[in-house]
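Work through the exercises below with the structure open beside you. Try each task before you read its solution.

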Amino acid sequence: KEESPKKAKKKIQIEDVDSSAEAPKKEEAPKKARKKSQIKEVISTAEKKEADAAAALRFKEEGNAKFKARNFAEAEALYSKGLNLDPKNTAVLSNRAVVRIQLGDNAGAEADCSAALVIGIPEASQTKVLYRRAMARHAQKKNEDAEKDVLAALTLSPGNADCEKLL
């Protein structure tokens with residue numbers, strides 16, 4: 001079963017506004033300006049972040065489907081849209097790196113992997129990201145840096161066959 005998305009609650013902010021069009025004349029006693037209440041809907045930043053993260057996840061899932069169908073350019077565009085909404089989503093960064101390697105954008109793939117590592121990812125995912133960055137660096141003839149990444153990945157996952165092949 002598919003769960004319906006939570007409706008974002010909106011906070012209402014009420015502010016008073018001066019509705020008097022003219023300033024009081026000097027001769028007359030100053031009249032108290034009438035005020036109207038104006039209502040604005042304000043979405044809290046936490047709610048916006050939550051909505052953006054959910055939308056980014058949808059873009060990631062759509063990107064994954066395009067990747068499986070080998071539509072790499074479309075997958076990259078979808079992952080990029082997701083990252084525009086949630087720039088610290090390391091899974092989307094990692095997925096876009098793979099697509100960029102497939103498209104021959106090795107510098108972009110390296111940048112995505114580096115960004116994911118800087119943001120911080122679980123140790124289990126670090127092996128994949130280090131391996132992907134090593135592949136991107138190797139393709140750019142940055143062999144020493146690629147070797148460092150492979151060795152770091154092997155430290156995390158000794159005996160990883162993909163990493164050992166790249167050495």
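## Exercise 1: A first salt bridge

**Task.** Find the salt bridge between E74 and K66, and state how far apart its closest N and O atoms are.

**Solution.** E74 pairs with K66 in a salt bridge, and their closest N and O atoms are 3.1 Å apart. The term means a side-chain nitrogen of Lys or Arg within 4 Å of a carboxyl oxygen of Asp or Glu. Next, look at exposure. E74 has a relative accessible area of 41%, so E74 is partly exposed. K66 is partly exposed too, at 29%. The cut-offs are these: buried is under 20% relative accessible area, exposed is over 50%, and partly exposed lies in between (1.4 Å probe, protein chains only).

A word on the source: this is a predicted model, where local features need pLDDT of at least 70, side-chain atom pairs count only at pLDDT 80 or more, and totals for chains, interfaces and linings use all residues. Residues are numbered from 1 along each chain as its sequence is written, and side-chain values use heavy atoms, with hydrogens and water left out.

## Exercise 2: The whole chain

**Task.** How many helices and strands are in the chain, and in which order do the elements run?

**Solution.** Count the elements. The chain has seven helices and two strands. Helices (H or I, at least four residues) and strands (E, at least two) are DSSP runs, numbered from the N terminus. Now read the order from the N terminus: β-β-α-α-α-α-α-α-α. Then check burial. The chain has 167 residues, and 31% of them count as buried. Last, count salt bridges. The structure holds ten.

## Exercise 3: E110 and its partners

**Task.** Which residues form salt bridges with E110, and which parts of the chain do these pairs link?

**Solution.** Start with R137. The side chains of R137 and E110 meet in a salt bridge of 2.8 Å, N to O. R137 sits in helix α5 (residues 123-139) and E110 in helix α4 (residues 106-119), so this pair links distant parts of the chain, 27 residues apart. Both R137 and E110 are buried.

Go on to K142. K142 also forms a salt bridge with E110, with the closest N and O atoms 2.9 Å apart. K142 lies in the loop between α5 and α6 (143-156), and E110 lies in helix α4, so the pair ties together parts 32 residues apart in sequence. Compare the exposure values. K142 is partly exposed, at 34%. E110 counts as buried because its relative accessibility is 10%.

## Exercise 4: α1 against α3

**Task.** At what angle do helix α1 and helix α3 pack, and which residues make the contact?

**Solution.** Two packed helices are described by the angle between their axes and the distance between the axes. Axes are lines fitted to C-alpha atoms, for helices over the stretch in contact, and angles run from 0 to 180 degrees between N-to-C directions. Helix α1 (residues 45-68) and helix α3 (residues 90-103) pack at about 25°, with axes 11 Å apart. That makes α1 roughly parallel to α3. Angles under 35 degrees count as roughly parallel, over 145 as roughly antiparallel, 65 to 115 as roughly perpendicular and the rest as oblique.

Now list the residues. K60, N64 and F67 of α1 meet A91, V92, N95, V98, V99 and Q102 of α3. Contact here means heavy atoms within 4.5 Å.

## Exercise 5: R100 in its network

**Task.** Where does R100 lie, and is R100 buried or exposed?

**Solution.** Place the residue. R100 lies in helix α3. R100 is buried, with a relative accessible area of 14%. Next, find its network. Salt bridges link E76, R96, R100, D105 and D112. Finally, list the contacts. Not counting residues up to four places away in sequence, R100 touches E76, D105, N106, G108, A109 and D112.

## Exercise 6: Positive phi

**Task.** What is the phi of R70 and of K141, and where does each residue lie?

**Solution.** Most residues other than glycine have a negative phi. R70 is not a glycine, yet has a positive phi of about 65°. R70 lies in the loop between α1 and α2 (72-85). R70 is exposed, at 59%. K141, also not a glycine, has a positive phi of about 65°. K141 lies in the loop between α5 and α6. K141 is exposed, at 69%.
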